[in-house]
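I am opening a fresh notebook page for this structure, and you are welcome to read along. Let me go through it piece by piece.

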Amino acid sequence: MTAITPEIVAEHGLSQEEYDRIRAALGREPNLLELGVFSVMWSEHCSYKSSRRHLKKLPTAAPWVIQGPGENAGVIDIGEGLAAVFKMESHNHPSYIEPYQGAATGVGGIMRDVFTMGARPVANMNALRFGSWDHPKTRHLVAGVVAGIGGYGNCMGVPTVGGETNFHSGYDNNILVNAMTVGIAEKHRIFYSAARGAGNPVVYVGSKTGRDGIHGATMASAEFGEGSEERRPTVQVGDPFTEKLLLEACLELMASDAIIAIQDMGAAGLTSSSVEMAAKGGGGVELDLDKVPQREEGMNAYEMMLSESQERMLMVLKPGKEEEARAIFEKWGLAFAVIGVTTDSGRLVVKHKGVVEADIPLGPLADEAPNYDRPVAPLEKPAPLEDPTVTVREALAILSAPGKSEDEMRALAEALVDDRVASLAGVEAAGYSLARGEAKIYARLAPGVAGDFAPLKDAAENLRETGVIAAAEIETHEESVDLADRAGAHSLLTALGLLMSSPDLCSRRWIWEQYDHTVMADTVIGPGGDAALVRVHGTNRALAITTDVTPRYVKADPFEGGKQAVAETWRNICATGAAPLAITNCLNFGNPERPEIMAQFVGAVEGMAEACEALGYPVVSGNVSLYNETNGVAIAPTPAIGGVGVLEDATKAARVGGAEAGDELVAVGVTRGWLGQSLYMRELFGREDGAPPPVDLAAERRNGEAVRKLIAEGLATACHDVSDGGLLVAAAEMALASGEGLELKTPVKARRAAFWFGEDQGRYLLACAPGATDTALLKLAMAGVQASRIGRFGGAFIRLDEDDAIGLFDLADLHEKPLPAYMRSETAKENEPMPMPAEKIRELILEALPDATVEIEDLAGDGDHYRARVVSAAFRGKNRVQQHQLVYRALKGRMGGELHALALETEAAE
Amino acid sequence: MKPSVIVFPASNCDRDAAAALEMATGKKPRMVWHGDSELPDTDFIVLPGGFSYGDYLRAGAMAARSPIMRAVVEKARDGTPVLGICNGFQILCEAGLLPGALLRNAGLDFVCRTVALRVENSQSLFTSGFAQGQYVNFPVAHHDGNYFADAETLNRLEGEGRVAFRYVDNPNGSARDIAGVLNEAGNVLGMMPHPERAISPLLGGVDGAAFFRGLLEAA
């Protein structure tokens with residue numbers, strides 16, 4: 001037997017103190033298998049040891065909640081005898097190491113969580129965070145993750161109906177891949193994991209067990225450092241084909257009355273599924289590993305208990321139902337084996353080849369697992385973004401010299417401007433004018449430049465003292481200018497174009513067209529809207545589903561950011577007309593052993609709790625992913641929220657598009673112009689400071705309910721929530737989705753940029769038919785909701801205040817092109833186009849056409865524009881196009897890349 | 001009409017096809033297991049979309065060799081209408097009921113979007129719900145929809161009016177924009193787009209409903 005050394009303990013991610021607890025629990029030294037079992041069960045991923053006590057703060061109850069946190073997924077009543085079953089989970093570390101398989105198995109795992117409970121998955125969502133577009137790995141990771149999500153979900157025949165994707169350098173070395181699945185079940189036929197009763201068969205179904213993914217849960221609970229790619233063998237490999245069969249087989253068996261308990265084998269595989277089922281059932285379990293279906297030879301007990309081979313399930317059946325179940329799984333071509341029995345011993349007993357390999361009391365593995373009260377650093381509230389104003393300084397020097405000719409005055413003024421003004425630090429504009437013996441010299445310093453006009457003053461004074469001029473008068477003037485307005489002053493619509501084409505706001509079509517979002521033929525609203533809307537098959541109702549979080553808000557202020565994430569999902573669901581019911585979450589944070597990370601975690605959870613409470617919007621499932629750090633640098637705190645709501649009549653759904661010419665645009669909610677942490681300040685000024693917009697939860701609820709009512713009454717032709725990029729971005733998205741332009745008007749007295757780009761919370765945009773606007777505004781006023789007309793749909797342009805316009809087609813181009821162009825440039829970037837020397841061209845042509853005579857002329861002398869004349873016998877019998885094709889082929893695809901322009905003449909040799 | 005839908009391992013549009021047939025005929029179609037070697041009494045067979053056998057080896061290659069396909073081929077040769085959608089089209093090509101093959105999309109990525117199609121032959125029993133040259137919108141969702149055949153075959157298909165649908169804006173690189181082809185006798189249609197996903201205005205269109213109603217009238 002292997003002796004347990006401190007090194008082995010450390011390799012299992014356990015502290016010395018934890019090891020001592022294991023010895024105390026067993027009353028002896030553990031063997032290697034037992035140590036492995038403790039290590040996965042006590043990993044952060046399985047035990048929630050740093051987060052448990054804080055997660056208790058989240059509200060989890062409501063009349064419609066059938067099952068809250070603690071099961072494979074949450075369950076809520078959605079009417080008509082049906083239930084929605086849903087959960088979100090992370091697969092961050094595996095996806096960074098091996099993006100395709102990491103993302104694919106993340107999707108496979110979350111779908112298993114849902115169908116384990118007896119629900120047919122009907123929708124997949126995801127929340128993805130990648131590094132900046134400049135980081136060399138980002139493209140590779142985006143391509144792999146998107147293909148992996150699509151590859152698994154598409155094969156399963158479950159539509160991926162939406163999600164969100166952000167890019168920020170804070171995720172360069174630690175991407176986030178959070179996947180959510182929603183399923184539908186009959187509400188009285190939900191399956192749970194508590195294996196009550198002794199003497200019942202424990203059954204293994206699905207794929208066979210291999211050596212893949214051993215210790216995945218432990219990996220998910222550790223920081224990354226150099227060499228994390230070497231952990232690739234701990235990433236599981238997915239087989240969606242087998243999972244599809246497993247889904248159908250499980251649902252077929254669930255239609256009968258054979259199952260006592262069922263649990264999917266996800267993280268920590270056989271270990272965690274057997275321990276959780278037995279511990280929840282209050283009994284014990286005995287496994288005989290000789291019976292486990294194996295795909296490799298010579299696996300030992302340690303490998304089998306810790307394997308994370310995918311597409312497996314563990315069930316406890318009613319005695320006597322084994323053959324009925326076996327027939328179903330064998331029909332679907334899946335492994336089926338009775339591998340153990342439930343007991344009343346309160347212990348996990350593992351036998352292999354007739355030897356007891358592990359014998360562990362269940363209590364310490366489950367309920368009595370470590371539960372840490374980690375130190376939490378005090379949180380400082382960020383200062384609001386100081387008014388983003390800057391000081392502009394101007395000077396006007398008036399030189400008078402009656403009697404001097406205009407030419408003399410001009411010479412004087414020019415000399416002063418050239419010698420003195422030009423030497424002022426930060427001068428932005430300068431000039432002079434001449435009139436009736438006076439020269440006026442004007443200078444302006446760039447905004448924010450602290451310099452003064454002393455050199456100009458000195459020079460003018462000197463001219464007067466030496467008698468060159470009669471009098472010199474210098475006026476200086478200072479003015480505070482709104483930075484936002486000043487930059488926007490040239491054109492707010494130019495700023496809109498920049499935002500709509502920025503990595504965080506440009507169209508995600510390239511991503512979601514790789515996901516089958518219409519399979520199952522129930523997708524009412526697919527990707528690209530606010531919440532997705534999926535009809536409940538065979539009914540008129542629909543589920544609204546969304547995932548949201550704004551990590552930059554959470555980073556600046558965890559409490560407000562946590563509130564905001566919940567509120568934004570609420571808002572997205574309301575914007576379709578649906579009633580929000582409950583959330584799941586995936587809480588992605590750094591290393592909890594650092595008090596400042598715990599401060600982020602606790603702050604965000606408390607903010608979420610306040611929002612859930614105020615909105616009557618409980619948490620029914622969730623997942624915590626800690627240690628999202630690389631070399632000690634943590635990601636921005638990212639508590640992704642997945643919200644689910646119900647729309648009773650799917651035909652009444654509101655969409656982002658749908659506005660018609662003549663419809664009026666109504667802004668709902670209060671716009672103060674909150675620029676702190678706005679995308680506008682980040683993308684246009686590189687500023688990521690200030691406090692995020694606060695969320696007034698009472699207003700959030702009031703506004704959402706009022707908007708839903710208007711949608712139900714048919715008073716809105718389109719609706720969109722206002723979030724990243726503020727009113728102007730939301731309005732532009734509605735215009736693009738509707739195919740109608742907009743005439744927009746800034747309210748009197750509003751600071752223009754702040755009004756249009758501020759990210760105040762609790763707001764919506766509605767499109768109302770002309771006759772309906774007054775009614776809608778009246779109803780909103782009566783509900784105590786502020787709202788006003790800000791524009792009208794129609795035409796092919798977005799016009800702002802009559803002086804600024806951008807064509808819809810131009811905006812659509814700006815919006816749609818960046819992501820595909822970025823993803824395409826993968827290889828182009830690596831082979832930076834270099835001008836091609838003439839000799840190289842000759843060489844390539846001769847390589848393909850050895851007999852040819854080649855004359856080359858460099859037309860522009862830049863190594864980029866050539867004329868070539870090629871004579872070859874190979875051209876005989878070919879027309880000119882075919883002759884040219886031969887030459888182009890000889891250049892091996894360099895035309896248009898390295899070689900920009902080639903005027904070609906060809907002739908067949910005699 | 002007595003339609004049936006074949007269910008292969010990892011078919012995933014079988015329910016959608018059944019729902020569309022039920023909408024058109026008012027009856028639930030028979031669902032037939034791939035492992036069976038005999039068909040029930042049927043006068044219309046649908047091979048639905050999906051990833052039969054995980055698309056392992058080649059899309060449709062393994063399904064084309066499953067026991068039920070021998071019966072389907074026989075029925076098709078006897079003149080029973082057979083409709084293959086998406087993976088079903090791939091299976092029909094692999095089974096030799098239709099010429100050509102479906103290669104990986106030219107863009108190499110999976111593509112899911114609603115595309116416009118032109119009805120090239122409204123005389124077939126599958127397309128009688130449409131006018132010649134009519135434009136219709138159906139969703140596509142596939143990774144291997146790039147129709148390929150040699151020039152001679154393509155010329156023959158076009159010459160004999162066996163191109164049922166053409167893409168207006170080709171999403172996958174298919175030769176001559178071909179989206180759906182008929183067999184020589186006109187009783188077998190393979191198409192990549194999914195009419196069964198366009199049977200309700202709520203779900204993005206009704207052109208699929210017209211397609212299925214046309215089948216009923218023709219049958």
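**Entry 1: a hairpin in chain A**

I began with strand 2 (residues 74-79) and strand 3 (residues 82-90) of chain A, which pair in the antiparallel sense over 5 bridges. For me, two strands pair if DSSP finds at least two bridges between them. Helices (H or I, at least four residues) and strands (E, at least two) are DSSP runs, numbered from the N terminus. I looked up A:Val75 and found its bridge partner, A:Val85, in strand 3 of chain A. The two strands form a hairpin with 2 residues between them, and A:Glu80 in the turn has a positive phi of about 55°.

Before going on, I noted the ground rules: this is a predicted model, where local features need pLDDT of at least 70, side-chain atom pairs count only at pLDDT 80 or more, and totals for chains, interfaces and linings use all residues. Residues are numbered from 1 along each chain as its sequence is written, chains are lettered from A and ligands numbered from 1 in the order in which they are written, and side-chain values use heavy atoms, with hydrogens and water left out.

**Entry 2: the other neighbour of strand 3**

I then followed strand 3 of chain A to strand 6 (residues 176-186) of chain A; 9 bridges join them, and they run antiparallel. Here A:Glu89 stands opposite A:Ala179.

How many residues of strand 3 of chain A are buried? I found 9 of its 9, where buried means under 20% relative accessible area, exposed over 50%, and partly exposed in between (1.4 Å probe, protein chains only). A:Leu82, A:Ala84, A:Phe86, A:Met88 and A:Ser90 point one way, while A:Ala83, A:Val85, A:Lys87 and A:Glu89 point the other way.

**Entry 3: two more hairpins**

Further along chain A, I saw strand 18 (residues 523-525) and strand 19 (residues 532-535) pair in the antiparallel sense over 2 bridges. A:Ile525 has A:Leu533 as its bridge partner. Their hairpin has 6 residues between the strands, and A:Gly528 takes a positive phi near 100°.

Strand 19 of chain A is also joined by 4 bridges to strand 20 (residues 542-548) of chain A, and these two run antiparallel. A:Val534 stands opposite A:Leu543 there. This hairpin has 6 residues between the strands as well, with A:Gly538 at a positive phi near 85°.

**Entry 4: helices of chain A**

I turned to helix 15 (residues 406-421) of chain A, whose buried residues are A:Met409, A:Leu412, A:Ala413, A:Leu416, A:Val417 and A:Val421. Seen down the axis, they fall within an arc of 130°, so they line one face of the helix. The arc is that of the directions from the helix axis to the C-beta atoms. An α-helix has 3.6 residues a turn, so residues three or four places apart point the same way. On the face turned away from the buried side of helix 15 of chain A, I found the exposed residues A:Asp407, A:Asp418 and A:Asp419.

Next I checked helix 25 (residues 726-738) and helix 28 (residues 808-816) of chain A, which pack at an angle of about 105° with their axes 10 Å apart. That makes the two helices roughly perpendicular (65 to 115 degrees; under 35 counts as roughly parallel, over 145 as roughly antiparallel, and the rest as oblique). Axes are lines fitted to C-alpha atoms, for helices over the stretch in contact, and angles run from 0 to 180 degrees between N-to-C directions. A:Ala732, A:Ala735 and A:Leu736 of helix 25 meet A:Leu808, A:Leu811, A:Ala812 and A:His815 of helix 28, contact meaning heavy atoms within 4.5 Å.

**Entry 5: a residue beside chain B**

Is A:Asn154 buried or exposed? A:Asn154, in helix 8 (residues 138-156) of chain A, is buried, with a relative accessible area of 2%. Not counting residues up to four places away in sequence, A:Asn154 touches A:Gln514, A:Tyr515, A:Asp516, B:Asn12, B:Phe51 and B:Phe110.

**Entry 6: the sheet of chain B**

In chain B, I traced 9 strands forming an open sheet in the order 2-1-3-4-11-10-9-6-7, with mixed pairing. Strand 2 (30-33) and strand 7 (135-142) of chain B stand at the edges, each with a single partner strand. Strand 1 (residues 3-7) of chain B runs parallel to strand 2 of chain B, joined by 4 bridges, and B:Val7 has B:Trp33 as its bridge partner.
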